[in-house]
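This briefing goes through one structure by topic, from its cavities and pockets to its chain contact and strand pairing. Please keep the sequence and the coordinates open beside the text while reading.

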Amino acid sequence: MPGFVREHLRPLMGSAGLHLLLLVLVAGAALRWTSTQPPVQLAIEGVVVDAKDLPKSARAGKPVPPPKVTPPPEIPKPRPEPEPKTEPAPPSPDVKAAEEVQAADAERRRVADEAARKEAAADAERKHAAVADARRKQEEQDKAAREAKLRSERESELQRQLAAEEEAAAVARSGVVDEYRAVLIQAIERNWIRPPSARAGLECTLFVTQATGGTVIDVKLGTCNGDQAVRESIANAVYRASPLPAPRDPRAFERRLQIVFKPTE
Amino acid sequence: MQAGTESMRRPGTTLAALALGLLAMAGPSHAQLRLDITQGVRDAVPIAVVPFGGQTDGTATDVAQVIADDLRLSGRFAPLERRDMVARPTSGPEIRFQDWRLLKSDFIVVGRVEPDGAGSAVAFELFNVQTGQALLAQRLPVGSRGLRAASHRIADLIFERLTGIPGAFSTRIAYVTVEGRPPSQRYRLVVADADGFNPRTVTQSSEPIMSPAWSPDGESLAYVSFESKLSAIYLQRLASGERRRVSARSGINGAPAFSPDGRRLAITLSRDGNLDIYTLELATQTLTRVTSDDAIDTEPEWSKDGRSLYFTSDRAGNAQVYQVALDEARQAQRVTFTNGYNARPRLSPDGNELAMVTLDRGGYRIGVLDLKTRNLRVLTNARQDESPSFAPNGATVIYATKDRARGALAMVSSDGRFQQRLSSDQGDVREPVWSPFPAR
């Protein structure tokens, strides 16, 4: 018998393995039918999951897809098909009993192992899921925090701008800006020596920058339909008026002036 | 939930972007005060013409003075008084612009007279005082006409650079002077520089001389002289003094005016009974009658294209200006309607305006009629202004006025803003006519 076994060890083992495999398959199939609980086991070595599918399917049900963490959250459809190529020779009738004993033993061990493995896998899965979940939650929180910060920054910028506008509007309402504009216009008109070619229809714009004390520091010509004499006269009008008068209320001061020369007659 | 976050985030982002965009757009216009300038002053432009280097005091011609006087005479510029000049730079690098800014000069002219071979040359530079920008720098050799002519030329260049209009300071004026009292009077036809300097007598007579007119090339004058007791029209070349009588027909021969091509004269003759306008072909002496009205038709002036004449006529009861085409029909059209008296039309160089004497609020004044708009603007405000004549650049009108019962010359800018009286020690001065630009 031992000699026989030894002699036929490989076919025996093969046969036993095959049986075992069949059994497992049958059991597995039964399990699938009877339970909604997904079997997460067994197939570990044989399962091929399309990497492309995974994040997609994962993303489908989850609010935030953490692409690095890829636990198999759902059944990746294991396909434990029997391997037809490795089909062993059919066992001879005289070894059948021993085989059956062995198979029963193996089956028992298998079931036990499987249960343990199943437990461990489920456990790992739970841990994985927990970790992923935590990470995801953290990221969501971070993101929310970042957005909130950005929003509040924008809001405070808007607030600041609104306040500045409010201030400017208040100054404007007080008439100080109008008064400032009037004194500036007067100062420049007094200094604009109109050449004869500056007639109605002329329109020339100067962009003027003044220092705090009213000193003209830059004069740039914008659009102008006047001749050279006109161009020189308007720039010189601004320079001649320098230093420009200061506003009664310093808040009305404006560094940059847009001056449009538009004679009425 | 996810869709919710998206849709909440989007409007948030959009709003923020919109807000930022609005800030960016509103920023410049808000941070800029806009001023609308609709008025200016009618002052002359302040300019400093610094005494030129290389000139010892007491030199016959003070270049800077000639330039400054020219610019002042144009009415457009107010040269700085010498006593106010804090420095005497003679070249660009020597100018401390802040000094001249304090003196409120907008522009500054510096220069010097330098030896140039056997003769000399004048170098000058023009700067904008406010910006320090160099606007003009040239060196002119002093020619046979001397330092004074060179100075006028410099004034021309400065005027053109600063106004966009060619200067007319190198041109000349012709006018008639009368000295003494009847019966011993002396009439002179005089040609002088545009600033009144260098007067030269072209012809003189104890009998009246009238109505000088420049040939288009500026080399001849036509005028009326009664030297033979009867009126006759003469043509005289200025360089040689050579002259010839071109019309001495019976009755009045008067008011010659050269056609734009210089080949014909429009004249007034009374040979057919009353005063009418004729044209005279100078080369052939061919006379063509243009008007034949019972009224007085006189003082012809050519249109720019030479195809019609403007003239004065009292055919409507008082003097008005008419235009007649030199075609078969010769139908005269009235041109002036504004005042009760308009006479002696003189065309502007661009052909768009007529200067004339107009009766305005009780005074005979110089008016300019815009031929397109038919709008007449009165330039002067005395009681007896007469004989207007445009400068060849159109910027100024010279005319005769009365100064304590004596005739004197005056100038007014063609927009009426500046008026200048020309001082004269030449007695009674009449009928100024401005020369064309010299052929260069």
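**Cavities, pockets, contact and strands**

The lining of the largest cavity is made up of nine nonpolar, three polar and two charged residues. The model is a predicted one, and every value below is computed from it.

**Cavities**

- Three cavities of 30 Å³ or more are present in the structure, and the largest cavity encloses about 120 Å³ of space.
- Among the 14 residues that line the largest cavity, B:Ser74, B:Ala168, B:Phe169, B:Thr396 and B:Trp434 are the closest to its centre.
- The second largest cavity has a volume of about 40 Å³, and its lining consists of B:Ser170, B:Thr171, B:Arg172, B:Gly218, B:Ser435, B:Pro436, B:Phe437 and B:Pro438.
- By class, the lining of the second largest cavity holds three nonpolar residues, four polar residues and one charged residue.

**Pockets**

- The volume of the largest pocket is about 980 Å³, and of the 42 residues in its lining, A:Pro196, A:Ser197, A:Arg199, B:Arg76 and B:Asp415 lie nearest the centre.
- Two elements, α6 (228–241) of chain A and α4 (146–163) of chain B, give two or more residues each to the lining of the largest pocket, with α6(A) giving the most, namely five residues.
- Charged residues number 17 in the lining of the largest pocket, alongside 14 nonpolar and 11 polar ones.
- The second largest pocket has a volume of about 740 Å³, and 26 residues line it, of which B:Trp214, B:Phe258, B:Glu301, B:Leu347 and B:Pro436 are the closest to its centre.
- B:Pro436 thus appears both among the residues closest to the centre of the second largest pocket and in the lining of the second largest cavity.
- At least two lining residues of the second largest pocket come from each of the chain B strands β10 (209–214), β14 (253–258), β18 (297–302), β22 (342–347), β26 (386–390) and β30 (428–434).
- The lining of the second largest pocket divides into 17 nonpolar, six polar and three charged residues.

**Contact between the chains**

- Chain A contributes 40 residues to the contact and chain B contributes 37 residues, and the two chains bury about 3700 Å² between them, with 53% of this area on carbon and sulfur atoms.
- B:Leu33, B:Leu35 and B:Ile37 together supply 21% of the area that chain B buries against chain A, which is more than any other three residues supply.

**Salt bridges**

- Side chains of opposite charge can pair when their charged atoms come close.
- Over all chains the structure holds 42 salt bridges, and two salt bridges are counted between chain B and chain A.
- A:Arg240 and B:Asp106 are joined through their side chains by a salt bridge with an N to O distance of 3.0 Å.
- Within chain A, A:Glu153 and A:Lys149 form a salt bridge whose closest N and O atoms are 3.6 Å apart, and both residues lie in helix α4 (residues 96–173) of chain A, four residues apart, or about one turn of the helix.

**Strand pairing in chain B**

- Strand β4 (residues 107–116) of chain B pairs in the parallel sense with strand β2 (residues 45–49) of chain B over three bridges, and B:Ala48 has B:Ile108 in β4(B) as its bridge partner.
- β4(B) also runs antiparallel to strand β5 (residues 119–128) of chain B, to which 10 bridges join it, and B:Arg112 stands opposite B:Ala123 in β5(B).
- Two residues lie between the strands in the hairpin of β4(B) and β5(B), where B:Gly117 takes a positive phi near 65°.

Definitions and conventions
Residues numbered from 1 in each chain as written. Chains lettered and ligands numbered in written order. Predicted model: local features only at pLDDT ≥ 70, side-chain atom pairs only at ≥ 80, totals over all residues. Heavy atoms only, no water. Pairing = 2+ DSSP bridges. 1 Å grid on protein atoms, 1.4 Å probe; cavity = no way out; pocket = protein on both sides within 12 Å on 5 of 7 lines; lining within 4 Å. Points joined across faces, edges and corners; volume = space filled by probe spheres on them. Nonpolar A, V, L, I, M, F, W, Y, C, P; charged D, E, K, R; others polar. Contact = heavy atoms within 4.5 Å. Buried area = accessible area lost by both parts, 1.4 Å probe. Salt bridge = Lys/Arg side-chain N within 4 Å of Asp/Glu carboxyl O.
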